[in-house]
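Subject: A structure to look through

Dear colleague,

I am passing on the structure below, together with some notes that you may like to read slowly beside it. Please keep the view open while you go through them.

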Amino acid sequence: MSAGRYNKQLLRGADKLDELRTLAGQVRQYFYKITLPWTDEGYRLLPANLYFDLTARMRSSRQLRAGCRGVLTVYPQ
């Protein structure tokens, strides 16, 4: 018998979820841009002088909060 990996797509065509994934990708790209790789496990270093800038951007990210709210209103728990 062979084993496989199977993924269900329960929210196929979920536009709001796609928008949130796109936004999350943009945040991830910015994080990778300002940090340095540290280990093979994926840990990264954030220079101390960029810490407050990063936290301020994450707190004030209205797009991220709006994206989360949009997904939760369209697809309730």
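Leaving aside its neighbours within four places in sequence, which residues is Leu45 in contact with? Before I answer, please bear in mind that this is a predicted model, and that every value below was computed from it.

With those neighbours within four places set aside, Leu45 is in contact with Thr35, Leu36 and Trp38. Leu45 itself is found in strand 2, and it counts as partly exposed, because its relative accessible area is 36%, which lies between the limits of 20% and 50% that are used for that class. Distance along the chain and distance in space are both worth following here, since Leu45 and Arg62 are 17 residues apart in sequence, and their C-alpha atoms are 25 Å apart in space.

Two of those contact partners, Leu36 and Trp38, return in a surface feature, for Leu36, Trp38, Tyr43 and Leu45 form a nonpolar patch with about 490 Å² of accessible area together. Within this patch, Trp38 is placed in the loop between strand 1 (36-37) and strand 2 (44-45), and it counts as exposed because its relative accessibility is 59%.

The other partner, Thr35, sits in the loop between helix 1 and strand 1. Is Thr35 buried or exposed? At 4% relative accessibility, Thr35 counts as buried, because buried means under 20%. Its side chain has two polar neighbours that you can find in the view: a polar atom of that side chain lies 2.7 Å from the backbone oxygen of Phe31, and the side chain of Thr35 also makes a polar contact with the side chain of Arg44, at 2.6 Å. If you again leave aside neighbours within four places in sequence, Thr35 is in contact with Arg44, Leu45 and Leu46.

Helix 1 (residues 15-34) is a good element to look at next. It has 20 residues and reaches 29 Å from its first C-alpha to its last, which is close to the 28 Å expected at 1.5 Å a residue. The buried residues of this helix are Leu17, Leu20, Leu23, Gly25, Tyr30 and Ile34, and what covers them includes strand 1, helix 2 and helix 3 (62-74).

How many salt bridges does the structure hold? There are 2. In one of them, Asp18 is paired with Arg21, and the closest N and O atoms are 3.7 Å apart; both residues lie in helix 1, 3 residues apart, which is about one turn of the helix. Asp18 is partly exposed, with a relative accessible area of 38%, whereas Arg21 is exposed, at 55%.

The other salt bridge joins Asp53 and Arg57, with 3.5 Å between the closest N and O atoms, and these residues both lie in helix 2, 4 residues apart, again about one turn of the helix. Asp53 is partly exposed, with a relative accessible area of 34%, and Arg57 is partly exposed as well, at 43%.

Helix 2 (residues 51-59) also contains Thr55, which counts as buried because its relative accessibility is 17%. A polar atom of the Thr55 side chain lies 3.1 Å from the backbone oxygen of Phe52.

With best wishes

Technical notes:
Residues numbered from 1 in each chain as written. Predicted model: local features only at pLDDT ≥ 70, side-chain atom pairs only at ≥ 80, totals over all residues. Heavy atoms only, no water. Patch = residues over 30% accessible without salt bridge, like charges linked within 9 Å, V, L, I, M, F, W, Y side chains within 5 Å. Areas by Shrake-Rupley, 256 points an atom, 1.4 Å probe, with all protein chains shown as cover. Salt bridge = Lys/Arg side-chain N within 4 Å of Asp/Glu carboxyl O. Helix = DSSP H or I, 4+ residues; strand = E, 2+ residues; numbered from the N terminus. Buried < 20%, exposed > 50% of the residue type's maximum accessible area, 1.4 Å probe, protein only. Polar contact = N/O pair within 3.5 Å; in protein donor to acceptor, adjacent residues only side chain to side chain. Expected span 1.5 Å × (residues − 1). Contact = heavy atoms within 4.5 Å.
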